[in-house]
Amino acid sequence: MDFIDEVRTLSTRFRHAAEHLETEEATKNALVLPFLQAMGYSIFDPTELVPEYTADVGTKKGEKVDYAVMRDGQPTILIECKKFGADLDDTQISQLVRYFHVSQAHFGILTDGVVYRFFTDIDQPNVMDTKPFLEFNFMDYSDPDVEELKRFTKSEFNQDAAMDAARELKFSSEIKRVLARELANPSIEFTRYIMSKFYEGNRRRAVVQKFQPIVKEAFAGFINDRIDARLKIALDSIEDQPTQPTTESSEAPEGEEAALTDNEQEALNIIKAIVGNMVDAWRIELRPTTLYTSVVLHDDDEATDDYGRVVFRLRVRSDNMRMDVRGEPPVALENLDGLYSNSAWIRDAFAKLIDPVASNVQ
């Protein structure tokens, strides 16, 4: 099984187990140990994983960290566990900082079993940074997150390479944070710098302030243009691929049937709200498969409608959310709120089934 499949399996298991955990010990047994096992470590081999690792701090003797991942007889990763749902705040971090300082480990993990925050000593040698360079959440992760996590599996772990990656992740995250802040509300300094690349007039404060909203608008447009360009490339590649003829009538959907996820249930509620003044809510159904989810419209007469008609297809089981109708470009969704932003598209898709003549005239 590939590592990403291991992560998906754990994610599903954790979702079911998490709500039943009341103590830190239960969190360790149900979440943390399965995580370490999936990372390739033998949880029953004390030469690889030491529970209750002693980390004496100054005059405090017998201080113990929950787990230490060992390599060549030395700790390489210290793991401090908290009960699932605990706030992994500065107080919890300070405890791990003390353990980190008196050990030879270069990495520390603070976790509630679902969220794993990775720390190292980039800012000052042998002093753990107060901000994590990586946070992995089993309830909310992306493929790049999985690739970063994979660096810390037993088979992939290399301390020097992991340190280099940690520095890059830390600085990259800080740069993204700065850019996000500047794009949302450009500062005087940032705006003045942008102006210096094209504006030869006076750049006193009053002039720069007038340019701030222009810079904000320009960057928003630039980002949208880049997104549109990437979508066009993706669509062109899809159109180049041979397609199998399909019908969107009363035939069963392709792929194996699947249970409705929380995301899909929420999407169904949103769709019903958007078209509530067009059709009765009971007529709308989501029919999920392993490949995609069909949004189905049933006829008014239940006696003559066994399967309903597909309005459009919806994909909300991954980060790459979108909607599509056969023969038309898909519509990308950043999140479920994107359904509201595309309410006109959704209403139009329903209108084409409810009254196809009127919708064609429009």
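**Entry 1: Phe152 and its partner**

I looked up Phe152 first. The model is predicted. Phe152 has a relative accessible area of 3%, so I file this residue as buried, the cut-off being under 20%.

Next I checked Phe107. Its relative accessible area is 0%, so Phe107 is buried as well.

I then turned to ring pairs. A pair of aromatic rings is described by the distance of the centres and the angle of the planes. I found 18 aromatic pairs in the structure. In one of them, Phe107 meets Phe133 edge-to-face. I noted 6.1 Å from centre to centre and 65 degrees between the planes. Phe107 sits in strand 4 (residues 107-111), and Phe133 sits in the loop between strand 5 (115-119) and strand 6 (134-137). The pair therefore ties together parts that are 26 residues apart in sequence. Phe107 and Phe133 are both buried.

Phe107 also forms an aromatic pair with Phe152. This one is edge-to-face too, at 5.2 Å centre to centre and 80 degrees between the planes. Phe152 belongs to the loop between helix 4 (143-150) and helix 5 (159-184). From Phe107 in strand 4 to Phe152 is 45 residues, so I logged a link between distant parts of the chain.

Which rings form a cluster through ring pairs? I listed Phe14, Phe35, Tyr116, Phe136, Phe138 and Tyr141.

**Entry 2: the second largest cavity**

I stayed with Phe152 and looked for enclosed space. Rolling a probe the size of a water molecule over the atoms shows where empty space is left. I counted two cavities of 30 Å³ or more. The second largest holds about 40 Å³.

Phe152 is one of the residues lining this second largest cavity. The others in the lining are Leu36, Met39, Tyr41, Val69, Ile77, Ile79, Ile109 and Phe118. How does that lining divide by class? I have nine nonpolar residues, no polar and no charged.

**Entry 3: the largest pocket**

I moved on to open space. The largest pocket contains about 880 Å³. I found 20 residues in its lining. Which of them lie nearest the centre of the largest pocket? They are Ser11, Arg15, Tyr141, Arg317 and Ser318. Tyr141 I had already met in the ring cluster.

By element, helix 1 (3-18) and helix 8 (262-274) each give at least two residues to the lining of the largest pocket. Helix 1 has the largest share, with five residues. By class, I noted five nonpolar, eight polar and seven charged residues in the lining of the largest pocket.

**Entry 4: positive phi**

I checked backbone angles next. Most residues other than glycine have a negative phi, and most peptide bonds are trans.

Glu52 has a phi near 50 degrees, a positive value in a residue other than glycine. I placed Glu52 in strand 1 (residues 49-54). Its relative accessible area is 39%, so I marked Glu52 as partly exposed, in between the 20% and 50% cut-offs.

Asp72 also has a positive phi, near 55 degrees. I placed Asp72 in the loop between strand 2 (64-71) and strand 3. Is Asp72 buried or exposed? At a relative accessible area of 77%, Asp72 is exposed.

**Entry 5: two contrasts of sequence and space**

I looked up Glu22 in the loop between helix 1 and helix 2 (24-38). Glu22 is exposed, with a relative accessible area of 59%. How far apart in space are Glu22 and Lys83, C-alpha to C-alpha? I read 7.2 Å, against 61 residues in sequence.

I did likewise for Asp87. It lies in the loop between strand 3 (74-81) and helix 3 (90-101). Its relative accessibility is 54%, so Asp87 counts as exposed, the cut-off being over 50%. Asp87 and Asp112 are 25 residues apart in sequence. In space I read 8.3 Å between their C-alpha atoms.

**Entry 6: the whole protein**

I closed with totals. I counted 11 helices and 11 strands. Of the 362 residues in the protein, 40% are buried. I logged an exposed area of about 21000 Å². Carbon and sulfur atoms supply 50% of that area. Among contacts with a separation of 6 or more, 50% come from residues 24 or more positions apart.

Conventions:
Residues are numbered from 1 along each chain as its sequence is written. This is a predicted model: local features need pLDDT of at least 70, side-chain atom pairs count only at pLDDT 80 or more; totals for chains, interfaces and linings use all residues. Side-chain values use heavy atoms; hydrogens and water are left out. Rings of Phe, Tyr and Trp (its six-membered ring) pair if their centres lie within 6.5 Å; planes under 30 degrees apart count as stacked, over 60 as edge-to-face and the rest as tilted. Helices (H or I, at least four residues) and strands (E, at least two) are DSSP runs, numbered from the N terminus. Buried means under 20% relative accessible area, exposed over 50%, partly exposed in between (1.4 Å probe, protein chains only). Contact means heavy atoms within 4.5 Å. Accessible areas come from the Shrake-Rupley method with a 1.4 Å probe; for residues, only the protein chains shown count as cover. On a 1 Å grid over the protein atoms alone, a cavity is a set of points where a 1.4 Å probe fits but cannot get out, and a pocket is an open set with protein on both sides within 12 Å along at least five of seven lines; lining residues have an atom within 4 Å of a point. Grid points are joined across faces, edges and corners, and a volume is the space filled by probe spheres set on the points. Ala, Val, Leu, Ile, Met, Phe, Trp, Tyr, Cys and Pro count as nonpolar, Asp, Glu, Lys and Arg as charged, and the others, Gly among them, as polar.
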